[in-house]
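Biologist: I am new to this one and would love a guided look. Could you put it on the screen and take my questions one by one?

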Amino acid sequence: MAIYTSLAVPTVILHPSERCLQWSDDGQACITTKAAVHIMTPDPGINFSTPPDIKAPRGDEQGEQSLGWFRTMIEPVRGQTHMWPSICQDWGAITLGSLDVSIRNVACSPSNLTPRGRCVIAVLNSNAEIQDVTGLLLSTASSDIVCGTLQAQVTSLAWSKQPDYGIMPTPILDSSMLALGNRAGSIVFLRFNRNSDAGGSVSYIHTEPLCDHWITHLSWSPWVTHSVGQCESLLAFSTDNGNVRLVKVTQTLQSSSNVGFVPEYTTSAVFDVQGPICEADKRGVTALTWVRPPRKNPILVYTKPGVVHLWSWPSSEPTWYGTRILLLQTQKLSVGSSAISPVSGVSYVLHRDALILSLFDGSFHVIHNISVEPTWSPPLEDDTLTSAELSRASRALFTKVTPAGISYMDVNRIGGMVSYDSQSTHIWIYEALRPADFSYKHEAQHECMLLTAPFWQLDDETVLHTVSDAFTGISCASGSAPIHHLRALMLHLRSNTRFTALCPRVLEILSQVQPDQTTTINLKSLTTHLLGWPNLLSLRMRLSIADLCWKLCKDPEMQAQCGQVAQGLLASISHCVLRILVRHLRAIIPVVIAPDIPFVLREVVQSLLPGSPQDLADEAQALQDTLTASFPIDPAIAGLHEHCPACHAEVPLHDITRATCPNGHTWARCTITSFILSTSKVRTCIGCSRKALLPFAASDESQLPLAAQSWIVRDLLEAVQRCLFCGNSFVEIV
């Protein structure tokens, strides 16, 4: 059995849960440990000259390659920020977690929230605090000291995804919510506000009082679009006495202003508490999450010691609804095996309609036909996707990565588990212990192991289905990075034995490009149109896969075919972006001034280069005619030609990717503005390594060419926070 990653992580996991290991929308795995949050970025799809921080010597079996990771560790402020006894002396306000403050839970926001287009992570510690948020909770809480303190003491948190309002192109705005459960039995709803100066802040939305018990778990269902501009989601929550209920959240989008080129939107939210799903039985909930089978209603999965509960609401489809209860069976693998161990991971297998659960005791459990009629029994007698087989496979991997060997007394306690590809490959973190000998380990001796491995081999047809699914039903509303969408596909294409057979069929799928939607735009917002069209996102994702195939292909003829497909996709993306820019420039001609003319003419020249579609060339020519009618322009001296930074020779604009002077000096061009990159203050795309100028707020404007010192260039650089060719984030490399 192949192992893609086996990494030793010297840390302690105090709170095993289904969120101890989770994926962010930036395509990064977040591991919650006692003292820090580990951010793990898989190597596939990342193109840097620097190698990954971690590349375990595993995975050479069966033609598989090892999986590299880039690692970042974030350590929050240690100690207490708020001394609760100084605020309230009531016994109910005591937090025993303040004796040794540790991280309890984290919640990852949707992507593209920060000024740089990244995620935000909310960190909850054992003192019931969230950094930079608890102060706001205290200011908005009840005037009663005891009640206000309990409302500010957070016990659970969950961040919703971005709703899709059904508007094309997708407006760039944040409608996600951060829900915080507290000791007072209420849920506080907050929203992150992007702030270019301070990075961002949190604003208060609403407080929903629910009961007199602690809110222990929260989980958002996927948003459902009921009509254009209206979405609905169910927020599931559990209390410390075992009660499980729902809050229906309805958001409505309204356009508040259409003045100018950027329409302003406002959102209103309505909160409606639903009836109980599970009555209080004094049995605490150990996991609470939603899974969504394709074209079916979401299913709420919540577990109590030894029991799995499934719930779904009625639908028009002939499927089950209501509640299903399944009893967990002990998989006797070690001395610590027990069915009442807490659930540490939940994973839905897309093409098998199965739910995989991992327990703290190191076992795995599989529920089949979850969307039809949930059962422990597999549909086929010889099916290897069973609880016993997966538990044995997990134990075998534990044995394989332990050089000293293991015995029945060794327990691999799984702290967190999540699927890597929504199929057979999973990633989990565990710690090897011997609980029966009652030995003591101080904190520095604890060491966890991070494993990435497939439990079964996928056939070629399943991989091709994965390729097709990656480019269908694409929505820009989520704001997820392309490397997050393409993670599974990039993993399977790296197989040495499989790639040769799959490459021709993958190229066929990549060549099936949808019609260009940007030909019918009515331009209002530059950022919205550059990043909000689903077909443009699909082109960017296809280009990433075509580039990957070109790098992996060893046959020169097949590599040439990959290059042709990539060139075609690259040209389509360039023409879409140019069309958006040309229409934007034509709309703002009345406010164009003399310093802006060189950049406008550059876009015209690029749109008239050989190979451009006729409709794009016609629009560019119309833009030039409008400009020349307003300004006396000599194209020969309008700033189209730059000077070589080395020898100051004139460099003509013949190629939008590279600039070469008559003396042979070669320079890269900015992928956003096409100006020569003659400064080290640039940003680099993590997906394709293309470079662009920094926004003017982060760079020295005097170092830019004279033709680039325009308010249009400034607005364009600030509007583009993600690569225009692959859609991934930019970073500044030191």
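Biologist: Does Ser422 count as buried, exposed or partly exposed?
Modeller: Keep in mind that this is a predicted model. Ser422 sits in the loop between strand 25 (411–419) and strand 26. Buried needs under 20% relative accessible area and exposed needs over 50%. At 36% relative accessibility, Ser422 therefore counts as partly exposed.

Biologist: What is the phi of Ser422 near?
Modeller: Most residues other than glycine have a negative phi. Ser422 is a residue other than glycine with a positive value. Its phi is near 60°.

Biologist: Which loop holds Ser689?
Modeller: Ser689 is another residue other than glycine with a positive phi, near 70°. Its relative accessibility is 31%, so Ser689 counts as partly exposed. The loop that holds Ser689 lies between strand 32 (682–685) and strand 33 (691–693).

Biologist: Which residue does Tyr430 pair with, ring to ring?
Modeller: Look in strand 26 (residues 425–433), where Tyr430 lies, and then in helix 4 (residues 387–400) for its partner; the pair ties together parts that are 32 residues apart in sequence. The ring centres are 5.3 Å apart and the planes stand at 80°, so the pair is edge-to-face. Both residues are buried. The partner of Tyr430 is Phe398.

Biologist: How many aromatic pairs does the structure hold?
Modeller: Trp290 and Trp311 give one of them, edge-to-face, with 6.4 Å centre to centre and 75° between the planes. Trp290 belongs to strand 18 (residues 287–291) and Trp311 to strand 20 (residues 307–312), so this pair ties together parts 21 residues apart in sequence. Both Trp290 and Trp311 are buried. The number of aromatic pairs in the structure is 14.

Biologist: Which residues form one aromatic cluster with Phe189?
Modeller: Phe189 can be found in strand 11 (residues 186–193). Its cluster brings together Phe and Trp residues. Besides Phe189, the members are Trp220, Trp223 and Phe271.

Biologist: Why is strand 20 called largely enclosed by the rest of the structure?
Modeller: Val307, His309 and Trp311 point one way from strand 20, while Val308, Leu310 and Ser312 point the other way. Each of these residues is buried. Strand 20 is largely enclosed because the buried residues number six of the six.

Biologist: How many bridges join strand 20 to strand 21?
Modeller: Strand 20 also pairs with strand 19 (residues 299–304), antiparallel, over five bridges. In that pairing, Leu300 has Trp311 as its bridge partner. With strand 21 (residues 322–327), the run is antiparallel too, and Ser312 has Gly322 as its bridge partner. The number of bridges joining strand 20 to strand 21 is six.

Biologist: Which residue takes a positive phi in the hairpin of strand 19 and strand 20?
Modeller: This hairpin has two residues between the strands. The positive phi there is near 85°. The residue is Gly306.

Biologist: Which strands stand at the edges of the open sheet with the order 9-10-11-12?
Modeller: The sheet has four strands with antiparallel pairing, and the twist averages 25° from one strand to the next. Within it, eight bridges join strand 11 to strand 12, and Leu190 has Tyr204 as its bridge partner. An edge strand has a single partner strand, so one side of it is left without a neighbour in the sheet. The edge strands are strand 9 (154–159) and strand 12 (201–209).

Biologist: Which helix gives the largest share of the largest nonpolar core?
Modeller: That core has 104 residues, and Ile356, Trp428, Phe471, Val506, Leu530 and Ile545 touch the most other members. Its largest share is 14 residues, and they come from helix 11 (residues 556–587).

Biologist: Which residue lies over the face of Phe471?
Modeller: There is an arrangement of this kind at Trp456, where Arg352 lies over the face at 5.6 Å from the ring centre. For Phe471, the distance from the ring centre is 4.7 Å. The residue over Phe471 is Arg542.

Key
Residues are numbered from 1 along each chain as its sequence is written. This is a predicted model: local features need pLDDT of at least 70, side-chain atom pairs count only at pLDDT 80 or more; totals for chains, interfaces and linings use all residues. Side-chain values use heavy atoms; hydrogens and water are left out. A nonpolar core is a set of buried Ala, Val, Leu, Ile, Met, Phe, Trp, Tyr and Cys residues joined through side-chain atoms within 4.5 Å. Buried means under 20% relative accessible area, exposed over 50%, partly exposed in between (1.4 Å probe, protein chains only). Rings of Phe, Tyr and Trp (its six-membered ring) pair if their centres lie within 6.5 Å; planes under 30 degrees apart count as stacked, over 60 as edge-to-face and the rest as tilted. A charge sits over a ring if NZ of Lys or CZ of Arg is within 6 Å of the ring centre and within 35 degrees of the ring normal. Two strands pair if DSSP finds at least two bridges between them. Axes are lines fitted to C-alpha atoms, for helices over the stretch in contact, and angles run from 0 to 180 degrees between N-to-C directions.
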